[in-house]
Amino acid sequence: MDFIPQYVFNGLVVGCSYALIAVGLTAIFGLMEIANFAHGQFYMLGAYFSYWLTRIVGLDFWTGLVVSIIGVMLLGIILERTLFRLLRGASLSSSVLATIALSIFLENLALNVWGPRPQKILSPFETGGIEFLGVFTTPDRLLMLLATALIVILLHIGLRHTQTGKAIRATFQQREAAALVGIDIDRLYTLTFAIGAGLAALAGVLLGTIFVVQPSMGGIATLKAFVVVTLGGISSFAGGIAGGLVLGLAESFGAIIAPAYKDAVGFILVMLVLLYRPDGLLGKKWS
Amino acid sequence: MVMTGMARPSVAVPLGLLGLVLLVLPRLVGTDYYLHVAIISLVFVILAASLDLLVGYSGLLSLGHTAFFAFGAYSAALLYLHFGVPLWGTMFVSGAFAAAIAWLLGLLILNVRGHRFVITTVIFAEIGRLIAYNWTDLTNGQIGLPGIRPPVLDIPGLPRIDFGGRAAYYYLALAVAAVSVSVIWRMAHSPVGWRMLALRENERLAEASGVDTRQIATTAFVSSAFFAGLAGALYAHYTGFVSPDLFYFSYTTTMLIMVFLGGKGTIVGPVIGAVLFTILPEALRVTANYRLMIFSLILLLLVVFAPEGLVGLFNRLRLRFTRQKKTAHA
Amino acid sequence: MLDVMNVGVSFGGVHALHAVSFTAAARHITSVVGPNGAGKTTLFNIVSGFQKPGTGSVIFDNQQMIGLRPSRIAAAGLVRTFQKTEVFKGLTVERAVEIGTVCRRDFALWRTLWPGEIGKARTTARQETHAVLAACGLAQVAEKACGALSYGEQRILEIALALAARPRLLMLDEPASGLNPSEARRLGELITKIRSEGVGIILIEHNMQLVMRISDRIIVLHHGEKIAEGEPGAIARDQRVIDAYLGGNGFAAA
């Protein structure tokens, strides 16, 4: 069975994008207690900004990458300052429905601006297929793995060793106490939201060079991110990353059995987890 | 939203008038197009009312509701195309089929709440779509199943009624919608509905007061699915065609807007919302692409700024008006 | 009426409750007292079905209550209130109590379709609601939203909601917490009135004046164990109780 490493590799590549998106979602959900059903649209917009900047405006890939991410982060900040501030303390129904509405709006905005046809972001690399550790891959895929690993390290350092990082972790665990201690909650929320959006955008750009860019990719990304969050619980960033990778791998292997239902692998996993562990894989019963 | 009493007797007159208008509608509007809009709105009336039981009364944010609608439509299509079962039969089988699926799904997901519940309902609809799309032997996949004919009524001694015409199908849909909504309304305004309210308002307290929250949640889930499935059959026999598109989230969005526009937790509100929201988009004639952008914006504004919907606003205005009258007399 | 036998539960290796046994009779007010963290609310949670014990049994009217859903236990006549005020915030007082009157009894789905059945249920609920509201002195706020009531009124409303369920044994978790002395006195009168109707009452309370005045029997918990049981006078003089309250815990009797 020497194609197994290939499936593992492919699964990890996709899993990395899931991880980047899920981490942001976990942060927003855990910190602000808002179920952001529009999160996947940052992924979509990152991809489309990059497409627009490189293919239409004519920038090179790397500049386009940076500008796209900054653009999505700015959008995230605006949304956080307006809509999400209104949603603070709102019921779950309100935040779910409002963010779903936002998600549909953004998806159809993209549809109207860029059209329904799938597009592709041109790779910055000259070479096509290469062989790496016995698997067939492309430089873009390797870049995805590398970028994700880098982000994970940066996140780890940032959360553990910077003032802001510690503040985030403290607020994550105990919001009221953090406010009492003098942490500027507003600024923290905006920062966290922006980072989450930026990470999703990064995933969008990188994956957009590997696969295609289309308006529906945001909605699917949101679903997958919530699958990760549901499976792993919302208690930790590490859970979000690990969960994303696991989902990617599961889908990759699921595709061996039933390629058409690949997306459903995660869905079925969620159903199974709910059956045996109604509170996610970690968590306590209601009482 | 503060719940007040039942409908007062003075509502009977406008209701009677409305009933009269509804009965002579085909004479009033005449063209097939308006009747088409009317029939579609009646299908959505059933869908919105059934969704209100879940979202409005029980507080269960089930966002996969269109799946039950689609399952109902598909089962009607398959029963008709393979066995020749007419609407009279498929209506109930579709409802029962959707209810059974809801019951099974409920076993899995009704012991969770919050975002986990929500996402699972969305996922469920996606799984339904994938199945409809890929199980081509059964469903014909993307192409869909055409050729589902409206029923005829053959009662010995009476002339044969063919419901193929728009006006005839309108009356059929009107009857089905009227019965469905009144059943849903009665459920909501009975001790069963009160238990759902208790579940929505404070689940722990409800349980401590003697409400088996698991059971009442299941009841809400299963009965709303029944009516959604029934609406699916009604839709299938009218449009004559089912496809995996029926599982798309856009249908759920439409139903949600109807529920929130009219006012969740009132049954009457979503009914009004369904009629308004079927007519308005047709009246505004915006292209399909911009349509969803505008709809989603409307939903966003409703949820954030007017969650009580039209009925809630109406009640608030009425309260203010009666209070003014009281102070005027004082 | 209620027989709690050898109930114990531990969390993460720590005994929250250990070998607690007592009985509660009809027409009796049994108070459970003890310093914070003694396990009183845990005891309530176990008896009312919201938590599972590690050991022990709870017999109510010769029926085992362990393992039953809280709603089943409430339907059997054993109704509790919560330490943190729980009401149906968005509903009017009247509607909330109406719901409370029907919760206990099953209303079969088919009856919603039968003409007249809903009206009948409605009328009965209305009548019972008015009786409960009058008994609790809440008749004048019937039209207000539950969330709009004052704190003291909400605490009384909680008891009204519990009464609406026609309990045979009522378990009140710190009903007097946050009440001023006159409100607490009014509460005490309400509780004794309920007792005179034949309902048994178990009370968790920190307000010792109230406890001493109305209790027939007092049970003292400390660190999850029962350290004393008896009439108010005897308990007040019990050295172990005095030590528990004034000793290491730093908790003084109110």
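**How the labels are earned**

User: Which residue is the bridge partner of Leu221(C) in β10(C)?

Analyst: The partner of Leu221(C) is Lys226(C). A quick word on the ground rules: residues are numbered from 1 along each chain as its sequence is written, while chains are lettered from A and ligands numbered from 1 in the order in which they are written. This is a predicted model, in which local features need pLDDT of at least 70 and side-chain atom pairs count only at pLDDT 80 or more, whereas totals for chains, interfaces and linings use all residues.

User: What makes β9 and β10 of chain C a pair of strands?

Analyst: Strands are DSSP runs of E with at least two residues, helices are runs of H or I with at least four, and both are numbered from the N terminus. Two strands pair if DSSP finds at least two bridges between them. β9 (residues 217-222) and β10 (residues 225-230) share five bridges in the antiparallel sense, so they qualify. Their hairpin has two residues between the strands, and His223(C) takes a positive phi near 50° there.

User: Why are β2 and β5 of chain C said to stand at the edges?

Analyst: Their sheet is open and has four strands in the order β2-β1-β4-β5, with antiparallel pairing. β2 (14-24) and β5 (63-64) each have a single partner strand, so one side of each lacks a neighbour in the sheet. Within this sheet, β1 (residues 2-11) and β4 (residues 55-60) are joined by five bridges, and Leu2(C) is partnered with Phe60(C) of β4(C).

User: How do you know what span to expect of helix α4 of chain B?

Analyst: The expected span is 1.5 Å times one less than the number of residues. For the 23 residues of α4(B) (87-109) that gives 33 Å, and the helix reaches 31 Å from first C-alpha to last, close to the expectation.

User: What makes a residue of α4(B) buried, and which elements cover such residues?

Analyst: A residue is buried if 20 or more other C-beta atoms, placed from the backbone, lie within 10 Å of its own, exposed if 12 or fewer, and partly exposed in between. Met91(B), Phe97(B) and Leu105(B) are among those of α4(B) that pass. Their cover includes α11 (264-276) of chain A, together with α3 (65-83), α5 (114-134) and α10 of chain B.

User: Why is chain A called as compact as a globular protein of its length?

Analyst: Chain A has eleven helices and two strands. The radius of gyration is taken over C-alpha atoms, and the globule rule is 2.2 Å times the number of residues to the power 0.38. Chain A comes to 19 Å, close to the 19 Å that the rule gives for 287 residues, so the description fits. Of those residues, 48% count as buried.

User: How do you know which residues of chain B belong to its interface with chain A, and what is their class?

Analyst: Two residues are in contact if their C-beta atoms, placed from the backbone, lie within 7 Å. By that test the contact takes 30 residues from chain B and 29 residues from chain A. The largest share of chain B's side, twelve residues, comes from α5(B). Ala, Val, Leu, Ile, Met, Phe, Trp, Tyr, Cys and Pro count as nonpolar, Asp, Glu, Lys and Arg as charged, and the others, Gly among them, as polar. This side of chain B therefore has 20 nonpolar, eight polar and two charged residues.
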